Amino acid sequence: QLDHGRALHTAARAGLSSVSTRDVPAERPRAVFHTSESDPAKHSEQHEGRLYNIPLEEVKAVFPHGLPYRFQQQIQTFNEARVMVRRPALELLAYLKGSNLAHPAVRYVIYGERGTGKTMTLCHVVHYCSRQGWLVLHIPDAHLWVKNCKELLQSSYNKDRLDQPLQASVWLKNFKASNERFLRELKTQKKYTWGKRESTEEGRPLGEVVEQGLARVRSASDAVGVLLREIKQQSHRGSFRLLVAVDGVNALWGRTTLRREDRSPVSPEELTLVHNLRKMVRNDWSGGAIVTTLSQTGSVFKPSSAHTPHELLGKEGFDALDPFVPIPVANYSPREFESCYGYYLERKWLQHEKAHTEDGKAELQFLSGSNPRQLDRLAGPL
Amino acid sequence: TLRLICTTAAVQRKNVGASGPEKYTEAFIKKQIEEFNLGKRHLANMMGEDPETFTQEDIDRAIAYLFPSGLFDKQARPMMKHPTEVFPEQRKIQWGEDGRPFHFLFYTGKQSYYSLMHETYEKFLNVQKHQDQLTAQDLPLQKEKRNLAGSRWLTKIELEEMLLEKLSDDDYSRFIQLLEKLVALPYADMEENYIQKFSKEVPVQLQKVVIEPLQYDEQGVAFSTGEGKRKTARATAVVYDNGTGKITVNGTDILHYFPVLQDREQLLFPFQFLGRIGKHDMVCTVSGGGRSAQAGAIRLASAKALRSFVTEQEVEFMRQAGLLTVDPRVKERKKPGQEGPRRKFTWKKR
């Protein structure tokens, strides 16, 4: 599976340096780890364990938010975004390709231990869907909405609920960056009144709702709610396909760390954003899919040994998400480990002399336990 | 006599036997021996055992039972031993009733040392004469070297105890030089008996330790066990052959049990040293201690288990690398008058 670009490269080098034939065999093993298929639609089992490239412009367009922080740093360092094709992602893509859009949306829950690549799998799927032309509703981390909120406003729409203007406005900005096309095409079905003077007429493009939310930060959460409802109704009709991608879905059920001014704790239903998101995740609409990830790392009040959906979602969440398709993500297989190691070597990320030897590789595998996050952290100082 | 005020333990440790004429008379020692034997029979009677077949071990056990003590120093506890072990050997009076000394070298001051030197030199001359005779008869010289590798000469203190008088460093070195010269001669094995009085065996460290052979379980996979400890942690490890490098601790994976990199590096060390990182599987159980102590205990246990898989030379390398030694460091006791084991209270001027 040598891609054409690299084959030309090797031929050119072989032509230039006709004396040293050692270059040519050395080039080939490196290229085995990469694949030229940058369209996730064409990924299949033969690409398993290999890394594919996402052009940087696409990265900015598709993932304004949502990539893990360390991966973003790696993109900046290596000046390219390489994502590994792994089996759970391939499984999910196969399901999505074969899913019947007339049926209610199927829910997929990606779960696994810490640092095994759940968020990256989700990003892979999001990339595929955006390539296919779906409308992607990507919430990078639902945990951000249930903790560390500085401002809580009482909602004007419903007096019991609380608004979070900052988080809502941040999310709206990113959503606008990723889905410009849809925001121009889709129209509102109802008239919405934001306050005494502002209102949105029926039939206006959804982009206006987003602008309204960004301009008037106080009503940002309501704008988000309106957006979600509109999108759900319209996808139900079948004009486009919708992917709801939520990272850290276990934050929607459970507890929050937020308190009201009178020091009474807030439960998730009382937050507008969470309430609306729960409605999205319910499978009472059709024409798309819901892909979610469980995350223990950002979760509040959960023990660090909890990995399974049952533990992390709690009874309430489990009942709400039931039935779903569980997709476990495990540590690197030996082949995946080799390709990741080969990639680091090729990009000269591993500077230590011993890291280039077989012994060094065995050491890295032992010490990281083939866990992607541990390997990344280990390879950093080397 | 000068009394030394600031002394070290080495200086203070004097050879009591060599410090002058006797402080205990012979009659006193004899009486002590009689009392000891009588006391031994009484003790045997008390314990309900046969007085005739009451050995020293039985005495020790009986005393430990009758006078239990919580003191840490074994030599501070009550003991009952034969007077010859309790009272150190001393020189008897070396002159007769008329004041005339028995030994001809008495007035040199170090009579036993000089008599020893004379004896050794006599042997030396004998061997040389024998050698000369044989060369005169034109017989070939035998060259049989003694094995000096596993033996050492007596130390100065041991020699002092043997001679019951003080030596100086110079005297001691001269004696050792003479012995070396004697041993270097070809026919020195005539005097082998005499030389053996002054040499001691030094067994190689490793010969004491027995390496267990490999055991095989149901599927025919070879495995071996090892135990290790560090501070308060105790660990047992079972290392299996033909593995993939998976390690399980107390039923969980090492990534979960030891989230810290340092602990995992400790576990890696024995395998990395032998170059067998991905070849063995390991299942261990560990209890007690803290995170670091448990890691050290497992490391020692796995190194001991790996001895069975590896050649003797590599075992010696492991020993020299410190993989097979128990780490003796434990928490030091807090002393009264101080805040911790070493830290003193804050010193206030007034």
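This report looks at chain B and the way it meets chain A in a predicted model.

Being a predicted model, it asks for pLDDT of at least 70 for local features and 80 or more for side-chain atom pairs, while totals for chains, interfaces and linings use all residues. Residues are numbered from 1 along each chain as its sequence is written, chains are lettered from A and ligands numbered from 1 in the order in which they are written, and side-chain values use heavy atoms, with hydrogens and water left out.

Chain B first. It has 13 helices and eight strands (DSSP runs, H or I of at least four residues for helices and E of at least two for strands, numbered from the N terminus). Of the contacts in chain B with a separation of 6 or more, 65% join residues 24 or more positions apart (contact means heavy atoms within 4.5 Å).

| Chain B item | Value |
|---|---|
| Buried residues (under 20% relative accessible area, 1.4 Å probe, protein chains only) | 33% of 350 residues |
| Exposed area (Shrake-Rupley, 1.4 Å probe) | about 24,100 Å² |
| Carbon and sulfur share of the exposed area | 54% |

Now the interface. Here 12 residues of chain B are in contact with 13 residues of chain A. About 1,000 Å² is buried between the two chains, with 68% from carbon and sulfur atoms (accessible area, 1.4 Å probe, lost on being put together and summed over both parts). On the chain B side, H10 (254-257) and H11 (261-274) each supply at least two residues. H11(B) gives the largest share, six residues. By type, that side divides into seven nonpolar, three polar and two charged residues.

Conventions:
Nonpolar A, V, L, I, M, F, W, Y, C, P; charged D, E, K, R; others polar. Buried < 20%, exposed > 50% of the residue type's maximum accessible area, 1.4 Å probe, protein only.
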